[in-house]
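Trainee: Got a minute to go through this one with me? I'd like to start with a helix and then look at some rings.
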2 protein chains.
Amino acid sequence: MARKAEKPASAVSLTAVVVAVTDEVPRVLVARRMRHDLATPAQQGATAMPGDSPDTLPYGPFDPARHRTLELGLRDWVAEQTGLELPYVEQLYTFGNQYRDPRELMGEPRLVSVAYLVLTHETPVSGSGEAHWHEIYNFLPWEDWRAGRPAVIDALIRPGLARWVDAARSPAAKARRRERVAISFGVDSAGPADVVRTLDRYELLYEAGLVLEALRDRRQMARATGGKEPRQSRKTVETAAGIGAPMALDNRRILAAALGRMRGKLAYRPVVFELLPPDFTLLQLQRVVEALTGTRLHKQNFRRTIRNAELVEPVGRFETAARGRPAELFRFRRDVLTERPAVGVGLPAMRAAE
Amino acid sequence: MARKAEKPASAVSLTAVVVAVTDEVPRVLVARRMRHDLATPAQQGATAMPGDSPDTLPYGPFDPARHRTLELGLRDWVAEQTGLELPYVEQLYTFGNQYRDPRELMGEPRLVSVAYLVLTHETPVSGSGEAHWHEIYNFLPWEDWRAGRPAVIDALIRPGLARWVDAARSPAAKARRRERVAISFGVDSAGPADVVRTLDRYELLYEAGLVLEALRDRRQMARATGGKEPRQSRKTVETAAGIGAPMALDNRRILAAALGRMRGKLAYRPVVFELLPPDFTLLQLQRVVEALTGTRLHKQNFRRTIRNAELVEPVGRFETAARGRPAELFRFRRDVLTERPAVGVGLPAMRAAE
DNA sequence: CATTGATATGCTCTCAGTGAGCATAATTAT
DNA sequence: ATAATTATGCTCACTGAGAGCATATCAATG
């Protein structure tokens with residue numbers, strides 16, 4: 001069994017999704033890059049064209065000689081590239097898809113990428129990399145329902161997915177596609193579907209050719225195999241620009257996975273507090289939760305839930321210089337970790353949508 | 001930045017945790033590596049001695065030339081070694097710890113291992129590997145609370161952890177250790193702590209030197225660095241046999257992670273049905289859930305929950321040849337997947353333990 | 001055939017959590 | 001002062017879950 005690999009045909013790299021939330025805007029740390037090394041400045045929004053220099057998540061190779069564990073390796077990379085030192089770090093997923101990296105097509109070892117989620121505060125970036133904070137929902141605009149149903153859904157996603165369903169070869173395949181759409185985006189567009197299903201949604205859009213990376217990868221694959229252009233190219237002309245800002249490699253898939261993981265964790269782990277300053281008002285806390293889940297919450301009930309859970313304790317001071325009545329400042333109660341098995345802030349729409 | 005690795009110093013392997021539940025007994029597929037010992041009699045716990053041939057999870061190298069994705073590679077390995085073809089597969093975690101593999105100490109590339117969870121039915125194993133089904137709770141005896149608090153907890157774990165806490169160098173370190181114990185195993189031993197925290201518990205036992213792998217790794221590390229024997233070795237004499245049956249490499253850590261993942265998923269995804277035959281009684285369903293969570297559930301309430309959630313529909317037939325009143329047979333309603341965002345069977349003890 | 005034992009199934013009562021909304025308090029802007 | 005704005009307290013209704021009682025339906029046993 002387990003015959004040994006003659007020569008290691010894959011290399012391990014570490015990729016970080018560094019997240020912060022400031023003023024209700026969740027952001028991720030990215031660096032522009034042309035090729036392997038070059039970086040370009042500037043940011044524009046959701047209209048990048050193929051050939052553009054795509055945004056890249058900070059990453060680096062895993063060097064076993066230097067780092068005892070994967071996580072320590074990642075912490076090192078993040079510190080070096082961003083100056084961040086002691087944030088919350090959690091492994092997300094390991095990606096090893098074919099055609100992930102163009103270099104691989106030239107005979108280099110497959111890049112298996114271990115992705116990590118890093119939660120921190122938005123600080124001026126200091127490290128070696130030309131990193132910048134970008135709004136997460138620029139990359140995943142269909143995930144933000146705080147101002148109602150995102151426009152892209154009716155404008156591009158629903159019709160695009162409908163075409164994709166119709167394009168299925170067999171009736172069985174069509175049914176399967178329809179089911180996947182229903183599961184990921186919901187049947188009616190009344191509310192957000194399961195807010196945690198971010199990865200399903202991105203992968204669906206990818207398969208349906210509605211994000212730029214899909215077209216890019218198909219083109220690349222066609223070129224590599226010397227074959228013809230992918231045949232969907234004609235059908236998806238109108239959305240050729242792709243929905244949301246693209247990223248390099250499979251970085252957007254990783255970002256989608258990270259967002260889903262964060263949302264899921266909110267419900268049963270007090271991870272929000274990693275994103276907040278030590279002292280905060282209950283509304284600030286609520287805004288961060290809303291920013292991450294992409295939904296609005298009932299204010300009074302949110303407060304009640306937090307207080308009942310004894311997640312926070314009053315600092316004794318009050319917010320200064322606000323418009324209305326000053327809000328009391330709270331801090332996270334570390335003790336809850338030892339008191340209760342599962343504590344979180346509760347996700348919206350987790351009950352039956354009836 | 002991102003300087004390229006001169007030569008890939010790590011290789012990627014795929015490890016499978018193949019789980020099935022038969023007659024209330026959750027089992028995992030393992031292969032004995034060096035020698036062929038007989039299966040240990042049930043439920044003992046602290047029996048294996050160092051030098052034993054350890055159980056190994058099925059694994060194989062990831063070969064990018066052969067497999068398009070990591071998951072496809074794993075499916076191939078599982079099929080080849082066990083004959084299983086189309087089970088439920090889900091990525092668990094990627095492990096890259098130092099001293100994971102002794103070969104690495106001889107200059108071979110670090111083995112980064114991507115672990116997968118595979119759910120299936122217990123079938124006679126057919127593949128190339130000498131695989132066998134082993135009871136999961138033989139490896140993790142402290143996780144099965146169905147017959148009340150496991151004996152190992154009072155006998156070995158509590159005192160062992162207490163010694164570990166006391167052995168902390170500084171008062172601060174002591175407090176941290178105490179907190180970790182409280183979080184993982186709970187403060188009182190009244191009920192099972194968070195049933196999902198299996199990985200925390202294993203890692204705690206590992207760090208405290210209460211599982212055989214910890215002693216083995218320390219010894220190996222000492223030998224490799226030419227150093228002296230680890231200094232905890234005297235303090236942990238009485239538990240030198242280690243709690244639970246050991247496994248090769250970090251396989252037991254992987255198993256613990258798999259169990260936790262399964263338990264967590266039960267609550268919000270209908271994964272149990274992957275482990276059940278197409279038609280089943282509600283009691284069978286309950287028994288599988290109990291087997292996985294390691295707890296007992298209230299029968300009537302469990303039935304009510306399942307029916308209210310419309311997770312199942314009656315087949316129209318009844319169980320034959322049982323002792324009492326025949327139970328109605330049900331099947332999983334696939335439609336729920338498109339109807340509700342999050343459906344599961346509910347975990348016990350997820351509310352405040354007061 | 002009646003009885004016992006075992007299992008399946010139905011029902012009630014209670015309580016905690018939560019969704020929704022009304023009401024009041026404390027501040028700043030005009 | 002008055003309006004606007006934000007924070008905070010409270011009620012009411014509904015749902016799901018925990019616990020237990022009661023009944024139904026079978027096999028085995030005398």
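Mentor: Sure, we'll take one helix and then the aromatic contacts, keeping in mind that this is a predicted model.

Trainee: Does the span of helix H5 of chain A agree with its number of residues, or disagree?

Mentor: The span agrees: at 1.5 Å a residue, the 15 residues of H5 (171–185) should cover 21 Å, and the end C-alpha atoms are 21 Å apart.

Trainee: Which residues of H5(A) are buried?

Mentor: Among them are A:Ala173, A:Glu179, A:Val181 and A:Phe185.

Trainee: And what covers the buried residues there?

Mentor: The cover includes helices H4 (151–166) and H6 (198–207) of chain A, along with helix H11 (336–339) of chain B.

Trainee: What comes just after H5(A)?

Mentor: A:Gly186, with a positive phi of about 85 degrees.

Trainee: On to the rings. How many aromatic pairs are there over all chains?

Mentor: The count is 8. One of them joins A:Phe273 and A:Phe280, with centres 5.7 Å apart and 35 degrees between the planes, a tilted pair. Both of these residues are buried.

Trainee: Why is the pair of B:Phe273 and B:Phe332 stacked?

Mentor: Their planes are at 20 degrees, under the 30 degree cut-off for stacking, and their centres are 4.3 Å apart, so the pair counts as stacked. B:Phe273 lies in the loop between helix H8 (251–268) and strand E8 (279–280) of chain B, while B:Phe332 is in strand E10 (328–332), 59 residues apart.

Trainee: Where does the charged end of A:Arg253 sit?

Mentor: Over the ring of A:Tyr206, 4.8 Å from its centre. In chain B, the charged end of B:Arg253 sits over the ring of B:Tyr206, 4.8 Å from the centre.

Key:
Residues numbered from 1 in each chain as written. Chains lettered and ligands numbered in written order. Predicted model: local features only at pLDDT ≥ 70, side-chain atom pairs only at ≥ 80, totals over all residues. Heavy atoms only, no water. Helix = DSSP H or I, 4+ residues; strand = E, 2+ residues; numbered from the N terminus. Expected span 1.5 Å × (residues − 1). Buried < 20%, exposed > 50% of the residue type's maximum accessible area, 1.4 Å probe, protein only. Contact = heavy atoms within 4.5 Å. Phe/Tyr/Trp six-rings, centres within 6.5 Å; stacked < 30°, edge-to-face > 60°. Lys NZ or Arg CZ within 6 Å of the ring centre and 35° of its normal.
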